[in-house]
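Biologist: I'd like to learn how to read a protein model. Could you walk me through one?

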Amino acid sequence: MLDPRSEIYPTIEYRPIQPTDLEALEKIHLALFPIRYERGFFLNVVNGHGIVSWGAVDTSRSDDRRDQIIGFVTTRMIAAKDSEIEDLFRYNSSRKDLTLVYILTLGVVDSYRNLGIEFSLAASSLVREVVKYAASIPNCRGVYLHVISYNQPAISFYKKMLFKLVRRLPMFYYIRGQHYDSYLFVYYVNGGRSPCSPLAFVKMLVAKFWTKEDHCNPRWTRCQESNTLLAPQSNKRIIRGDNTRCHV
């Protein structure tokens, strides 16, 4: 256990999740998240089956745990047309192959959280790895995720990381008999942009003119990147468990 009062800070490095991380990955998820993931999820993560992930390790440890993960981020690629925010990219309707990277889970073990690392060094570096990966894919237009409405540290963190708050989903989560809203954040890459930006708006109008598709107009109550865009309720998540913390 690290001493939060210590002036010696760990040396954190980042690498892909690998099969030897299976046990540690399961334990950290169990400790951090209210949802209980099936074994198959972790096997897919460590073997890279449909999931791209990164781990944070403390190489300053002198014992055999120096390569043991103390933090992680897991993601998967989603076709933009199949995502919950497909309407945000209708201005580029000529592209049918656009993709997005969805952050599934992000977390850091408690002993490192107590050092204030989670929402500064470790977590921000892990998210940067995701953004860099998304930007390396030519047809990818963004990274997105959900944050439960009461998780103010996570909300502040993603805003600091320049993610755009684009939507609020009422009663998205159901935890221990209680409904909670979800905020949806997006980080645009490779020319992706809010449909409220002037260039995106012009492109949307051009696309509508040529395709004559009246349904291309997005239905939002507000059109400012800094404000929550209210939308019809999307897929809900029912989460059971005693631990109601939700990091993404």
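Modeller: Sure, let's go through it feature by feature. Keep in mind that this is a predicted model.

Biologist: How many helices and strands does the chain have, and what pattern do they follow?

Modeller: Start by listing the elements in sequence order. Here there are 6 helices and 8 strands, and going along the sequence they run β-α-α-β-β-β-α-α-β-α-β-β-α-β.

Biologist: Where is the confidence lowest, and where is it highest?

Modeller: Look at pLDDT, the predictor's own confidence on a scale from 0 to 100. Over the chain the mean is 77, with 70% of residues at 70 or more. Helix H2 (residues 39-47) comes out highest, at 97, while helix H6 (residues 198-211) is lowest, with a mean of 44. The pLDDT stays below 50 over residues 198-235, yet that stretch still has 62 contacts in the model beyond near neighbours in sequence. Residues 238-247 are below 50 too, with 40 such contacts.

Biologist: Okay, next the inside. How much of the chain counts as buried?

Modeller: Of the 248 residues, 48% do. As for the outside, the chain exposes about 12,700 Å², and carbon and sulfur atoms supply 52% of that.

Biologist: And which residues have the most contacts inside the largest nonpolar core?

Modeller: General idea first: in soluble globular proteins, nonpolar side chains tend to be buried together. In this model, the largest nonpolar core has 67 residues, and Tyr158 and Phe185 have the most contacts inside it. Try clicking on Phe185. Leaving aside neighbours within four places in sequence, its contacts include Val143, Leu145, Ile155, Tyr158 and Phe163.

Biologist: What share of the contacts with a separation of 6 or more comes from residues 24 or more positions apart?

Modeller: That would be 72%.

Biologist: Now the rings. How many aromatic pairs are there?

Modeller: The structure holds 13 of them. One is Tyr37 with Phe41, a stacked pair at 4.6 Å centre to centre with 25° between the planes. Stacked is the label because the planes are under 30 degrees apart. Tyr37 is partly exposed, at 28% relative accessible area, whereas Phe41 is buried, at 15%.

Biologist: How is the pair of Trp54 and Tyr133 arranged?

Modeller: Those two are edge-to-face, 5.7 Å centre to centre and with 65° between the planes. Trp54 sits in strand E2 (residues 52-58) and Tyr133 in helix H4 (residues 118-135), so their pair ties together parts 79 residues apart in sequence. Trp54 is buried, with a relative accessible area of 10%, while Tyr133 is partly exposed, at 24%.

Biologist: Which residues do ring pairs link into a cluster?

Modeller: Phe33, Tyr37, Phe41, Phe42 and Phe72. So Tyr37 and Phe41 from the stacked pair turn up in that cluster as well.

Biologist: Last one: what should I look for in the backbone angles?

Modeller: Check the sign of phi. Most residues other than glycine have a negative phi. Methionine 171 has a positive phi of about 55°, although it is not a glycine. Methionine 171 is in strand E6 (residues 164-175) and is partly exposed, with a relative accessible area of 35%.

Biologist: And where is asparagine 190 found?

Modeller: In the loop between strand E7 (178-188) and H6. Its phi is also positive, near 55°, and asparagine 190 counts as partly exposed, at 32% relative accessibility.

Note on methods:
Residues are numbered from 1 along each chain as its sequence is written. This is a predicted model: local features need pLDDT of at least 70, side-chain atom pairs count only at pLDDT 80 or more; totals for chains, interfaces and linings use all residues. Side-chain values use heavy atoms; hydrogens and water are left out. A nonpolar core is a set of buried Ala, Val, Leu, Ile, Met, Phe, Trp, Tyr and Cys residues joined through side-chain atoms within 4.5 Å. Buried means under 20% relative accessible area, exposed over 50%, partly exposed in between (1.4 Å probe, protein chains only). Contact means heavy atoms within 4.5 Å. Rings of Phe, Tyr and Trp (its six-membered ring) pair if their centres lie within 6.5 Å; planes under 30 degrees apart count as stacked, over 60 as edge-to-face and the rest as tilted. Helices (H or I, at least four residues) and strands (E, at least two) are DSSP runs, numbered from the N terminus. Accessible areas come from the Shrake-Rupley method with a 1.4 Å probe; for residues, only the protein chains shown count as cover.
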